[in-house]
Amino acid sequence: MEDLLKVGVITTTHGVRGEVKVFPTTDDAERFLELEYVLLDTGKELRRLVISRVKFFKNLAILKFEGVDNINDIEKYKGCSLWIPREEGQELGEDEYYIADLLGMKVVLEDGTEFGTLKNVMETGANDVYVIDSIEHGEVLLPAIHECIRDVDLETGTMTVHLMKGLIS
């Protein structure tokens, strides 16, 4: 399991005083109101940035960090990810998982036959869609609904699925 959870990506600057627009990769953008700090992945290191102000605009969070008061101090970090330690993550309900824990899982059919590997999770409005790199069928998209996803075992890294009619050709 990952020690860090991705909560957003800096998309661009906002104004000239060091604020940034962040695309949230968490289910709830208002989560940023509860965070004291984030870890900026600069590509070379993780830099701790203390959040001093949070605003929202459309689907983006606008963050201001302590000690970052100029556009030039933050502009170079466009496209960089923001992370938090796992222990700062929100509690999950039943049948809820962090995407980081699902990626790379072995996917098997109900009869135990190996089907493939979970390589991505697409977040849609209705429900998530799991992108499976299938051994036999190439890329297969499975809706993350109880009718398809029968079991997720984080300890063994295995997901058991039911292939509903019409999902593969």
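**Exercise 1. Which residues does V38 touch, leaving out those up to four places away in sequence?**

Solution. Take a contact as heavy atoms within 4.5 Å. V38 then touches V7, R47, R48, L49, I51, F65, L82, W83 and I84. The model is predicted; local features need pLDDT of at least 70, side-chain atom pairs count only at pLDDT 80 or more, and totals for chains, interfaces and linings use all residues. Residues are numbered from 1 along each chain as its sequence is written, and side-chain values use heavy atoms, without hydrogens and water.

**Exercise 2. Place V38 in the largest nonpolar core, and state which elements build this core.**

Solution. Step one is the term: a nonpolar core is a set of buried Ala, Val, Leu, Ile, Met, Phe, Trp, Tyr and Cys residues joined through side-chain atoms within 4.5 Å. Buried means under 20% relative accessible area, exposed over 50%, and partly exposed in between (1.4 Å probe, protein chains only).

Step two is the membership. The largest core has 22 residues, and F32, V38, L63, F65 and L82 touch the most other members. Two or more residues each come from β1 (4–14), β2 (19–24), β3 (37–41), β4 (46–57), β5 (60–65) and β6 (81–85). A second, separate core holds 16 residues, including L118, Y130, I149 and V161.

Step three is the general background. In soluble globular proteins, nonpolar side chains tend to be buried together.

**Exercise 3. Is L60 buried or exposed, and what does L60 contact beyond four places in sequence?**

Solution. L60 belongs to strand β5. Its relative accessible area is 14%, so L60 is buried. Its contacts outside the neighbours within four places are T11, K21, V22, F23, P24 and K55. From L60 to F32 the separation is 28 residues in sequence and 11 Å in space, C-alpha to C-alpha.

**Exercise 4. Describe the backbone and exposure of K58.**

Solution. K58 sits in the loop between β4 and β5. Its phi is near 55°, a positive value in a residue other than glycine. Most residues other than glycine have a negative phi. With a relative accessible area of 75%, K58 is exposed.

**Exercise 5. Summarise the whole protein: how many helices and strands are there, and in which order do the elements run?**

Solution. Helices (H or I, at least four residues) and strands (E, at least two) are DSSP runs, numbered from the N terminus. There are two helices and 12 strands. The order from the N terminus is β-β-β-β-β-α-β-α-β-β-β-β-β-β. Of the 169 residues, 38% are buried. The C-alpha atoms fill a box of roughly 60 × 30 × 30 Å along the principal axes.
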